[in-house]
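Trainee: Please take a close look with me at a single part of this structure. I would like to follow its strands one by one, and then see how the rest of the chain is put together around that picture.

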Amino acid sequence: MKKSSILEYLYKITETFDFDGKEKFTANYISKQFNLSRNTISQYLNEYVQLGKVIKTHSRPVYFFHKECLETKYSVSFKTTNFDNIDELKKFLIEVKKPLNNFQKAIGFQDSLYYPIEQLKAAIKYPTDGLPVLINGPTGVGKSFLAHLMYEYAVDNKIIDTNHPFVVLNCAEFADNPELLTANLFGYVKGAFTGADTDKVGLIEESNGGFLFLDEVHCLSSNGQEKLFLFMDKAKFRKLGDNKTWHTSKVRIIFATTKNPEEALLKTLMRRIPIVVQIPALEERSGEERQHMVYHFLQVESQRIGKTIIISKQAYNVLLKVSFSGNVGELKNCIKHTCANAYMKQDQQTEHLSIHMNHLPYNLYGNIFAKNIEINALEDVKDMIVISQENTLYFDQTRCNRLINLYGKIITCFDNFYEEKIDIDTFTQKSLGYVDNYYDYLIFRNKNRNLNAKLDIIIHLLNNIFNMLENKYGLKMQNNMILILSQYILEYDHIKSYLKVNKHFERKEITRIFNYLQINFQKEYIMTMELVDFINKNLDVELDTMDIVIFILNIKSIHKNKNTNKILGIILSHGYSTASSIADAANKLIGQYVYEAIDMPLDVSTETILFRLKRYLNRMHTFKEVILLVDMGSLKDIYKGLESFEDRTIGIINNITTKLALDIGSKIVQGKEMESILKESSENIYSTYRIIRPKNKKKAIITVCATGIGTAEKFSELLKTSIPSKVDLDIIAYDYERLSRNKKNDEVFKKYDVDLILGTLNPDIEGSTFVAIEDIISGKGIDVLKKSLIEYLSEEELEIINNNIVKNFSLQNVLNHLTILNADKILDYIEDALNKLQIALEQKLSNKIFIGLYVHLSCLIERLIMKNPIKTYYNIESFIKEHKDFMQIVKNSFSVIEKVYSVEIPEAEIGYIYDIISNECDI
């Protein structure tokens, strides 16, 4: 019997396949038809799976189907021969034939266009009428196509009604005729100009409720752009020739340009376009996407002429590799031209259209030689690619399957460990091998792709978190590993909505692995959870439990060479970050992760401390010996509450210092016994003293800001850059709260002769002059500042510093220096909010307060965006009770800012706004 007979039989029974009678498609059933062993039939069928001729399901039992027969029967094209189960195959055969929806029609919607499309979706969905968006990219990349897909997306998601229009205007037609632009955009009335015989509805009115797409917007004159953004501000317009009647229209505007928008468009127009989307050129797209395009455009032509297209591999390869300056548009036209050439030279009665090298446009040949593409003069007529007329664009489920398969291998490997077939080291080693293979796939898949914007952001953020983990735990991550993990996170983010983990595995299987690693790889678990929390908060990516397992294994592999100490060190100290600072310093100097830290507020109870400590010790139960390093007060007596740990020895030593932590940590690393460590270290604790009498104190200028030391440091930098030469005077950024609390008793006054304090709020220090930052910006405070510098600078230098301060301390420059936000936009929003605030308070704010609030509020908004708000305010409960009306007024006035930047101003921040205003106003 020939092996091919089995394939022929499979074809016949696959023709009858309708998801019933599945037993006919098993190796066991087929073996009975041929009177052969099941293993032999299974071997033959699996060989055909490898050759791409048979479809296989990885289920119990395993099913086999003839691939070509299924493709013909269901008009589909398979990109994989493996499916997890019969239901997944059924879903593919049914859903792949569904018409593509909106952005799914864009080749690369899962890859290079993923992030741009996410931006476009955000612009459409944003309440209440979306946001204006600018699509930027070279000629032919598909800007107009994406604009129309935005309209389809809005209709499909019921954001706009189906009867609302999509209106297109090519602005190049009006480059030199702004009046004609006005007439076409806004309409005109009879008699508005010569030839205006009737009233005319403009495109803005015509597109009411729908979309207006302004292509080549860079061709608009400045006058045309101005008229456009006036409508964007008010949603009102007047028709040409009518200066009395206002008309309204709700229009979602899409702009497109091939130019650099910052250079081609007015800044006033750009300020009104919050979302700018960059579309990559064809050369920046992956080879996989380009292949998809060539195949798809050939399919379109096949459908147009009603014939199957067959193309030589050589011609197909040229279309894949040559350069097209006109990008996707030129590639599409080139394929049309090629098909036209072939169609003209071929007998019209043939059932298919054959395309060879000689059918390619002549202008392509120079490009072929420039790219050094190999051409065989004798094409093999048998070596042809058949282009199906059916649309084969669909989500690449194989990407999900690869990750699902990785999960499955790790779960199976852990099951073997759980059943004591392998040890934990073998499980870890094998699992990491599977993970590395998946990483190799990601690297290979992305090797020809340019890094997109989101990947750049992920890499930057992971660098930050791993720098922190290195400082805290001594975990050194190589740059290539950060890139791999970034690609993993991006891949997961792209496919997560299609990734049905629960369908493939029981949650208890995954939870069992997670719980084991949490208990037995505790340090790696702690590091991973910090990483996962950071990813969730900063990237809005919530990883699955199996991804967390993979990250724990990764960190375990990196951390495996670190010594494992049998004693756990914990530092407990009062203060905001005292314990953390000592632990970080000690771990870094020792070169190992020895200490964990627990920071406690000064007013916390002993019961709270014990609760936190017990909870932590319960998690770290593999350590049978623990040394607690504590400071003064209630922490000294916590031993009374730790007697419940019968299986653990706990040592406590007080009067913690960095020196003591280093001494004990070094002994832990050396492997000394606990009692010996505590005895030797306690004997080494002693103090010495020395008194240093002050010399003449150096003069200093202090910069402060109620919003935090970071802003004060930026004030200090601006001031330093304004001074033209080196002076014997220190400019120091200082903590406002500390200065305001300690007054003249603060350490800074013991060390320095403080001549001047510059900042946002006056700390009221007796004997020191205060200059408000708003007075520097307005120019009123420059003379006071110059007076402090007069003994250090010549008259010429004083004049230079005067000019430098005017330049450096302009409101625009200060805001640009203080924040990462767009100064133009933030000024507009704050101005609007402060105007509302004045009306609600029934009080006119002075220019000085206005300027001070501009600075304060800009920093406030950036803090909220970065999720780093001021959380403390003196006597906040009393403030909330006494100033409810003021708090509500602020919330109402700043509602637009909260909405635009997706933030919420907390109560403590409102307290500082109150302080700035109440310094000069009676509220």
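Mentor: What follows starts with one sheet and then moves on to helices, cores and some backbone details.

The model is predicted, so local features are described only where pLDDT is at least 70 and side-chain atom pairs only at pLDDT 80 or more, whereas totals for chains, interfaces and linings use all residues. Residues are numbered from 1 along each chain as its sequence is written, and side-chain values use heavy atoms, with hydrogens and water left out.

The part to look at is strand β13, residues 308-312. Helices (H or I, at least four residues) and strands (E, at least two) are DSSP runs, numbered from the N terminus. Four of the five residues of β13 are buried, so this strand is largely enclosed by the rest of the structure. Buried here stands for under 20% relative accessible area, exposed for over 50%, and partly exposed for what lies in between, with a 1.4 Å probe and protein chains only.

Which strands flank β13 in the sheet? The order is β14-β13-β15, an open sheet of three strands with mixed pairing. β14 and β15 are the edge strands, each having a single partner, so one side of each is left without a neighbour in the sheet. On average, neighbouring strands of this sheet are turned by 20 degrees against each other, direction ignored. Two strands pair if DSSP finds at least two bridges between them. Towards β14 (residues 352-355), β13 pairs in the parallel sense over four bridges, and T308 is placed opposite H352 there. Towards β15 (residues 384-387), β13 is again joined by four bridges, but these two strands run antiparallel. On that side, I311 has I385 as its bridge partner, while S312 has M384.

Helix α14 (residues 313-321) lies across β13 and β15 and runs at about 85 degrees to β13. Axes are lines fitted to C-alpha atoms, for helices over the stretch in contact, and angles run from 0 to 180 degrees between N-to-C directions.

A pair of helices elsewhere can be read in a similar way. In general, two packed helices are described by the angle between their axes and the distance between the axes. The axes of α8 (residues 178-186) and α10 (residues 222-234) come within 9 Å and cross at roughly 25 degrees. The two helices are therefore roughly parallel to each other; angles under 35 degrees count as roughly parallel, over 145 as roughly antiparallel, 65 to 115 as roughly perpendicular and the rest as oblique. Residues P178, E179, L181, T182, L185 and F186 of α8 meet N223, G224, K227, L228 and F231 of α10, where contact means heavy atoms within 4.5 Å.

The interior can be followed through its nonpolar cores, sets of buried Ala, Val, Leu, Ile, Met, Phe, Trp, Tyr and Cys residues joined through side-chain atoms within 4.5 Å. The largest of them has 80 residues, and Y407, F427, L462, F466 and I570 touch the most other members. Helix α17 (residues 397-418) gives the most to this core, with ten residues. Another core lies apart from it and has 51 residues, including I757, F886, A908 and I913.

Y114 belongs to helix α6, residues 114-125, and is buried, with a relative accessible area of 12%. Beyond its neighbours within four places in sequence, Y114 is in contact with G108, F109, D493 and H494.

Some backbone details deserve a careful look, since most residues other than glycine have a negative phi, and most peptide bonds are trans. R60 and P61 are joined by a cis peptide bond with omega about 0 degrees, and P61 sits in the loop between β1 (54-57) and β2 (63-66). The bond from P127 to T128 is also cis, with omega near -5 degrees. N102 has a positive phi near 30 degrees and is buried, at a relative accessible area of 10%. K158, with phi near 60 degrees, is exposed at 73%.

As for the protein as a whole, the secondary structure comes to 41 helices and 23 strands, and 50% of the 923 residues count as buried.
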